Amino acid sequence: MSSIVWRIEHFEVVDSTNTWLAERALEGAPEGLVAVADFQSAGRGRLDRRWESPPRASLLCSILLRPDVAPDQLQLVVACVALAARAALVRLCGVRPALKWPNDLIVGDAKIAGLLAEIVSVDERLAVVVGIGVNLTHEGPADVVSTSVRAESGVTITPPALLDIVLEELEARRALIDSVEGQATLREEYRRALVTLGQLVRVERTSDVIVGFAESVDHFGQLIVKVNGEEFTISAGDVVHVRAHEGETS
Ligand code: BTN
């Protein structure tokens, strides 16, 4: 595959870079279109949450990818971006976040970045908007244990500087999606980064909560959790690493 041409649209203010980019994707925008904003007035997080950050305190961006894979491989596509963001942080400031399933970047137990992926169309090829918010100087919402690049490293990185390196790191990983061998390499990088595996976890799903051991991730990126000998396959939900939260009362 030839290398991606990134085209970056910058906004001082936008409702949500994901929303803007999804509209462009529906109009047929090519892979490689990127939206980045200083501020979002209606930033969105996973599970219908809001995602808020003061102006220029976070990298707030969305990336349009059109990989030639089935929709059930969405998690692999998102993992590419999560791993690229992680590698970029290592390069720029020596912070090495781990991944918490499915795609949160965490340092210790604190969230430093989150991803929101949305499938826009599956007509000819899967079109996916992957949004990422990285806390640079803002430490995230009060109700989530979170941190920032500056708090972890003392380094103040600007959003454009981080975006440049994320896209550089993403380019190589995006190419891996085009081959079976490349996909295996990506899955391996994802599993190595995924600190959730082997942990006692509490999974908060829309319908219930289960507690068990996170055993593995399957070919589709779903988390396999063992509860009293029975395996549960988790495709969506919030995961809490129980040991890290043992002292908490709620
Ligand atoms: C999460 O809940 O962890 C995911 C957060 C994703 C936030 C980013 S910020 C840029 C992009 N635009 C949005 O509205 N959301 C994503």
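## Asp38 and its surroundings

Leaving aside residues up to four places away in sequence, Asp38 touches His10, Phe11, Glu12, Pro54, Pro55, Arg56 and Leu60. Asp38 is found in strand E2. Its relative accessibility is 13%, under the 20% limit, and Asp38 therefore counts as buried. These details, like everything that follows, come from a predicted model.

## Overall form

The protein chain contains 5 helices and 12 strands. Its radius of gyration is 17 Å, close to the 18 Å that the globule rule gives for 250 residues, so the chain is as compact as a globular protein of that length. Taken along the principal axes, the box filled by the C-alpha atoms is roughly 50 × 40 × 35 Å.

Of the 250 residues in the protein chain, 54% count as buried. The accessible surface of the chain comes to about 11500 Å², and carbon and sulfur atoms account for 50% of this surface. Among contacts between residues at least 6 apart in sequence, 63% join residues at least 24 apart.

## Helix H1

Helix H1 spans residues 17-26, and 7 of its 10 residues are buried, so the helix is largely enclosed by the rest of the structure. The buried residues of H1 are Thr17, Asn18, Trp20, Leu21, Ala22, Arg24 and Ala25.

Strands provide the packing partners of these buried residues: strand E1 (7-14), E2, E3, E6 and strand E7 (127-135). One of these partners, E2, is the strand in which Asp38 is found.

## Charges and salt bridges

The protein chain carries 24 positive and 36 negative charges, and the mean positions of the two sets are 3 Å apart. The structure holds 20 salt bridges. Three of them are described below, together with a network.

Glu9 forms a salt bridge with Arg7, with the closest N and O atoms 3.1 Å apart. Glu9 has a relative accessibility of 27% and counts as partly exposed. Arg7 is also in the partly exposed class, at 43% relative accessibility.

## Bridges between distant parts of the chain

A salt bridge joins Glu118 to Arg44, and the closest N and O atoms of the pair are 2.7 Å apart. This pair links distant parts of the chain, since Glu118 lies in strand E6 (residues 110-121) and Arg44 in the loop between strand E2 (33-40) and strand E3 (58-65), 74 residues apart. Glu118 is partly exposed, with a relative accessible area of 22%. Arg44 counts as partly exposed at 33% relative accessibility.

Glu169 forms a salt bridge with Arg91, and here the closest N and O atoms are 2.8 Å apart. The two residues again link distant parts of the chain: Glu169 belongs to helix H4 (residues 159-176) and Arg91 to helix H2 (residues 74-93), a separation of 78 residues. Glu169 is buried, with a relative accessible area of 15%, whereas Arg91 is partly exposed, with a relative accessible area of 46%.

Both Glu169 and Arg91 also belong to a network of salt bridges. The residues linked in this network are Arg91, Glu168, Glu169, Arg173 and Glu189.

How values were computed
Residues numbered from 1 in each chain as written. Predicted model: local features only at pLDDT ≥ 70, side-chain atom pairs only at ≥ 80, totals over all residues. Heavy atoms only, no water. Helix = DSSP H or I, 4+ residues; strand = E, 2+ residues; numbered from the N terminus. Rg over C-alpha atoms; globule rule 2.2 N^0.38 Å. Buried < 20%, exposed > 50% of the residue type's maximum accessible area, 1.4 Å probe, protein only. Contact = heavy atoms within 4.5 Å. Areas by Shrake-Rupley, 256 points an atom, 1.4 Å probe, with all protein chains shown as cover. Lys, Arg positive; Asp, Glu negative; His and termini not counted. Charge placed at Lys NZ, Arg CZ, Asp CG, Glu CD. Salt bridge = Lys/Arg side-chain N within 4 Å of Asp/Glu carboxyl O.
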